[in-house]
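Please explain how this protein is put together, beginning with its overall make-up and going on to its interior and one of its strands.

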Amino acid sequence: MSARVTLQIEGQPERVLPLGAIFSIGRGSNNDLVLADGRASRNHAVIRLQGDRAYTLLDLGSSNGTLLNGRRVTIPCTLKNGDVVQVANGTLRFESAEESVPGKTSAEEDQGDLRTEVAFSSETVTILVVDIRSYTAMSEALAPERLSRVVGRWFQQAQEVIERHGGSIDKFLGDAAMAFWLKARTEGDSRHAVGPIQAAIELLGLATRFDREVSAEIPSLGFRIGCGINCGQAILGNIGVDARRDFTVVGDSVNVAFRLEKLCKELKRPIVLSEETRKAAGDAFAFEDLGLQKIRGKTQDVRVFSVRVAG
């Protein structure tokens with residue numbers, strides 16, 4: 001899928017901006033759309049491509065919030081054709097690139113030529129699914145603007161953790177995120193399995209800091225996460241939009257990772273991973289064998305593990 005936004009700022013002519021894999025918005029000069037408005041945070045919001053099917057709007061914990069069709073964004077939201085996004089003094093109308101935009105000049109047509117190149121291959125990947133356990137309680141207890149800042153900062157910092165350990169965010173799904181690590185061609189390279197486990201451990205530490213912050217404000221409230229990790233074969237799609245590229249991952253190994261994340265609550269473990277992941281990671285961690293477990297969609301039980309985390 002390719003798309004564009006039409007930007008309106010009072011006193012300025014309309015601009016049509018093509019969307020690549022990631023489109024960042026904020027006051028900082030590093031953003032794709034720079035808004036010279038004090039109400040915009042330095043890194044305010046991002047619109048990112050999820051696979052080749054949809055674009056997602058994510059507020060990055062901004063002070064003044066991001067509005068989607070007049071409502072404040074608290075969790076990642078999938079954009080639909082015609083949606084209106086408001087950030088400070090900027091109004092952006094989201095449109096599918098396949099549809100014509102009235103009043104476009106030929107120069108804008110050239111700029112908006114978002115031909116997408118797609119190539120798919122079967123690769124060994126490790127999938128990490130991380131979910132906010134306490135989101136429903138938080139959404140009921142916190143004011144929308146406070147909830148938006150907490151959840152926005154969580155996703156922003158969680159993405160930084162994942163990328164620091166070599167992973168890539170594939171998609172945001174409400175209060176969850178999915179990331180993947182591609183296995184290197186080098187024989188014996190285990191970074192594709194070690195990286196997501198390291199990231200999950202660091203995410204637990206990050207969640208603990210968020211838990212202190214939230215519970216200090218409302219003692220009965222907490223912030224907890226669950227992490228499911230699975231290693232296996234998946235279909236990896238290379239989606240190129242102009243010079244910017246992104247990937248999407250689909251397949252049974254992805255479905256298993258989501259099922260493992262659901263097991264976290266049942267098994268009372270913050271990290272649950274498959275036997276394939278445990279084997280690929282070698283002796284890099286102290287693992288706890290949780291035995292054979294039933295996983296929806298699997299005819300045979302699956303042996304799963306957790307990771308012993310110090311402290």
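The protein has six helices and 19 strands, where helices (H or I, at least four residues) and strands (E, at least two) are DSSP runs numbered from the N terminus. This is a predicted model, in which local features need pLDDT of at least 70 and side-chain atom pairs count only at pLDDT 80 or more, while totals for chains, interfaces and linings use all residues. Residues are numbered from 1 along each chain as its sequence is written, and side-chain values use heavy atoms, with hydrogens and water left out.

Of the 311 residues of the protein, 52% count as buried, that is, under 20% relative accessible area with a 1.4 Å probe, protein chains only.

In the interior, the largest nonpolar core (a set of buried Ala, Val, Leu, Ile, Met, Phe, Trp, Tyr and Cys residues joined through side-chain atoms within 4.5 Å) has 45 residues, and those with the most contacts inside it are L128, M138, W154, L203, F223 and I225. Helix α4 (residues 191-217) gives this core its largest share, eleven residues. Apart from this core lies another, of 24 residues, among them A40, A45, V73 and L79.

Strand β17 (residues 271-274) is covered on both faces, since I271 and L273 on one side are buried, as are V272 and S274 on the other. Strand β19 (residues 302-307) runs antiparallel to β17 and is joined to it by two bridges, the number of bridges that DSSP must at least find for two strands to pair. Within β19, F305 is the bridge partner of L273.

Conventions
Buried means under 20% relative accessible area, exposed over 50%, partly exposed in between (1.4 Å probe, protein chains only).
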